[in-house]
Structure formats: C-alpha cells, structure tokens
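Here are my notes after a pass through the model you sent over. I've kept them as numbered points so you can reply to each in turn.

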Amino acid sequence: MRAAAFTDLIGPEGVSVIERDDSEPGPDEALVDVEACAINRHDLWILEGDSAMVDADDLPFVTGLDVAGVVSEVGDGVRGLEPGERVVLCPNETCGSCRFCREGPENMCERFSLFHGGLAETASVQADRLVPLPEGMDATTAAAIPTAYMTAFHMLRRAEVGPGDLVFVPGATGGVGVAAIQLADVFGAETIGTSSSATKLERVRELGLDHGIRSTDIEEIRNEVEAIGAPDAVINHLGGEFTGLGQSVMRRGGTMAICGRTAGGESTIDVASLFLGHKRIVGSTMGTQDDLRRLVELAADGRLRPEIDRTYALEDTDDAFAAMQDRESVGKLVVEP
C-alpha cells in the first residue's frame, strides 16, 4: 500500500509517498480503506521536529489521526462491526484501566495518546473506536470532524457555554478556531474572533462569526474586545500571550479553556485578577468518543457543516502541510488517499 510518510523532520519537504506492507488487523482491530484523513497542527509539529513523541529513530513515520472510510476486514474478537460499514475513527487511545478510564471522561486517561497512521491507503485501528457514519455523509466531511471539532466542542462544554453567552476566540480562522465559532453558533452563543486577514474573517463571518477583529496586536485586540463586551468564555487554542489577554478581557466569573500552544508554550497570568475576579482557566485535550458521536449527529441533521478549505491527493500531502504552515487556509485540509 502507499503511505505519505515523514522521512525527514524538516517541514513539508520531509514528506514522501512510500510503499509499505499491506496492513492486517490484529485482535480487536479493524482494517479501514481510508477514503479521507484530515491533517492537524499536531501533525505539523511532528513534521517540523517540534514534538517529543517522534524523532529520527522513528522514521519513516506515518501520521494522520482523523480517518474516515470503509471497513474491509475485522480481526479476532471484533463484534458488531462488519466489512462494508462506513466509519469515522475517534483517534483517542486510552489505557482502559486507570481511574479516569473507569470514571470518565476518557480524555483524562493517565496514559492518553492518539492514533497515527491515517495518511495511507489502509489503516489498522481499534475496532471499538469506530463510529458509524449516517447514510448520506461522505468520508471527507466525516474526516474533518474528529480532532478540531471534538476539541472545540469539549472546550465549549468545559467553559459551560450556553445560549446568549459571549465567546471570544483568538485565531478564529484555523481548524479549532473555525470549529469553535460554528459550534458556539449551534449553542446559541455570540462570538468574537480575530485574524490577521480580512478575507479569512469574512469567510468565518459566513460561518457564524458575529464580531471580527482584524489584528494580531494584543493591545488593539484588547481594546476592541472591551468595546464589544466582556466575554463569558474564551476558547484559546493559541496559548502564549493570548492567555493573559483572554484572562484580562473575560467577565467576572468567566472561564477560559486552553488546548494549544501555537503562539507559545508559556503564558503569564495576573494572579490577583484571577482570584479577585473568580475567573477560571482550564486545560482541555481533545474530547470523548461520545462527543464525536454527537458531532456526527449534528452534521447529519444539518445543524453543523464542517468547514473544509481544500482536499489533496495522497501524493500532494506535502502541499497540504505547506498550506497549513503558510496559514493559507480557513477550516480543514483533508487528504484523500
């Protein structure tokens, strides 16, 4: 089978299409013919050598979390899943035995990890991590959902966002940012989003953004947010200086959920403002398999339409990562093996 592998951790130039042995499902696994696999910032960090989980000894490395396709074979011990079923993968990998696996939520597993291997023609996956696709949902749409939309959905829930709330999303034009804007709209909330591009902001307005701020300057953004109102929640997938910004603008008793570090792995907070304002800052990683099921249902019902910027053939996977690196896109980039 063909796979788009990382053969050097130097950025998009390090992606090569290689031949690998055909996958075979092990016990409790299923073999999926991959029709679509979205890429994520997580994958790009690995490709740029900015991840502790992969180094030169692991090459060639095939990434790809967000797999959708058709089951072609099942391994021993698999029940309730048959070849021919159309599915999307929940990429969570959990130990199944720690306190958080027993009591939930599963994404707090003490040994939480993620599946990799979707940028290939076939992938062997844990069968019980597959979610059936409703009739009429194509694989490309399904592949856009797991990482970005699960992450945004879980963050909004952690921040207890509800109808009428004001939600601030710095960096509203990336995968998680777009997902947060769309889902906040589903929740009945009002949104503020930022971008350096007027064109990108206009696209996100079409997806439900209420207030767009074209700027990357922290003080300018602060002033414009304060002129709109004090957010009830901040959905922060950037980290860095946007953490202090989010803390300062959100209302008394507000909550900021953080899931990423694109703008920096360290942040400064105002401790006095935190406790005097009864504010909360919470970490959030991915979501749960039940979150994915609910998101698939929302998409099937027409209440959510995952935004896909562009699709690529497997041999053009390097171009997909170049587009992500150059921040050209709004929404998801999806490879179709």
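**Notes on the model**

1. Let me start with Ser 248, which is partly exposed with a relative accessible area of 33%. Keep in mind throughout that this is a predicted model. Ser 248 sits in helix α8, which runs over residues 241-249. Leaving out residues up to four places away in sequence, Ser 248 touches Arg 222 and Lys 279. There is also a link across the sequence here: the C-alpha atoms of Ser 248 and Ser 273 are separated by 7.6 Å, with the two positions 25 residues apart along the chain.

2. Staying with α8, which residues of this helix are buried? They are Phe 242, Thr 243, Leu 245, Gly 246, Gln 247 and Val 249. The buried residues of α8 pack against two helices and three strands by name: α7 (218-228) and α9 (271-276), plus β10 (166-169), β13 (233-236) and β14 (255-258).

3. Now the whole chain. The protein chain has eleven helices and 17 strands. Its radius of gyration is 20 Å, close to the 20 Å that the globule rule gives for 337 residues, so the chain is as compact as a globular protein of that length. The C-alpha trace spans about 55 × 40 × 35 Å along its principal axes.

4. On burial and contacts: of the 337 residues in the protein chain, 54% are buried. Take the contacts with a separation of 6 or more, and 69% of them come from residues 24 or more positions apart. The chain exposes about 14,300 Å², with carbon and sulfur atoms supplying 43% of that area.

5. If you're setting up electrostatics, here is the charge count. The protein chain has 28 positive and 58 negative side chains. How far apart are the centres of the two sets? They lie 8 Å apart.

6. Two cis peptide bonds to look at. One joins Leu 59 and Pro 60, with omega about -5°, and Pro 60 lies in the loop between α1 (41-47) and β4 (66-74). Another joins Gly 104 and Pro 105, also with omega about -5°. Pro 105 is in the loop between α2 (99-103) and β7 (113-114). As background, most peptide bonds are trans.

7. Then the backbone angles. Most residues other than glycine have a negative phi. Met 286 is not a glycine, yet has a positive phi of about 50°; Met 286 is found in the loop between β15 (280-283) and α10 (289-300). With 6% relative accessibility, Met 286 counts as buried. Arg 327, not a glycine either, has a positive phi of about 55° and belongs to the loop between α11 and β17 (332-336). Is Arg 327 buried or exposed? Arg 327 is partly exposed, with a relative accessible area of 46%.

8. Val 330 lies in that loop between α11 and β17 too. Val 330 is buried, at a relative accessible area of 1%. Setting aside neighbours within four places in sequence, Val 330 is in contact with Thr 173, Val 178, Lys 200, Arg 203, Val 204, Glu 307 and Asp 309. Val 330 and Gly 175 are 155 residues apart in sequence, while their C-alpha atoms are 7.1 Å apart in space.

9. Next, Thr 317, which is found in helix α11 (residues 317-325). Thr 317 counts as buried at 1% relative accessibility. Apart from residues up to four places away in sequence, Thr 317 touches Ala 4, Val 15, Leu 119 and Val 335.

10. Last, the cysteines. How many disulfides does the structure hold? The structure holds zero disulfides. Cys 37 is in no disulfide, and the nearest cysteine sulfur, that of Cys 90, is 14 Å away. Cys 37 counts as buried, with 0% relative accessibility. Cys 98 is in no disulfide either; the nearest cysteine sulfur belongs to Cys 95 and is 3.7 Å away. A pair counts as a disulfide when the sulfur atoms are within 2.5 Å, so the 3.7 Å pair does not qualify. Cys 98, at 5% relative accessibility, also counts as buried.

Conventions
Residues numbered from 1 in each chain as written. Predicted model: local features only at pLDDT ≥ 70, side-chain atom pairs only at ≥ 80, totals over all residues. Heavy atoms only, no water. Helix = DSSP H or I, 4+ residues; strand = E, 2+ residues; numbered from the N terminus. Buried < 20%, exposed > 50% of the residue type's maximum accessible area, 1.4 Å probe, protein only. Contact = heavy atoms within 4.5 Å. Rg over C-alpha atoms; globule rule 2.2 N^0.38 Å. Areas by Shrake-Rupley, 256 points an atom, 1.4 Å probe, with all protein chains shown as cover. Lys, Arg positive; Asp, Glu negative; His and termini not counted. Charge placed at Lys NZ, Arg CZ, Asp CG, Glu CD.
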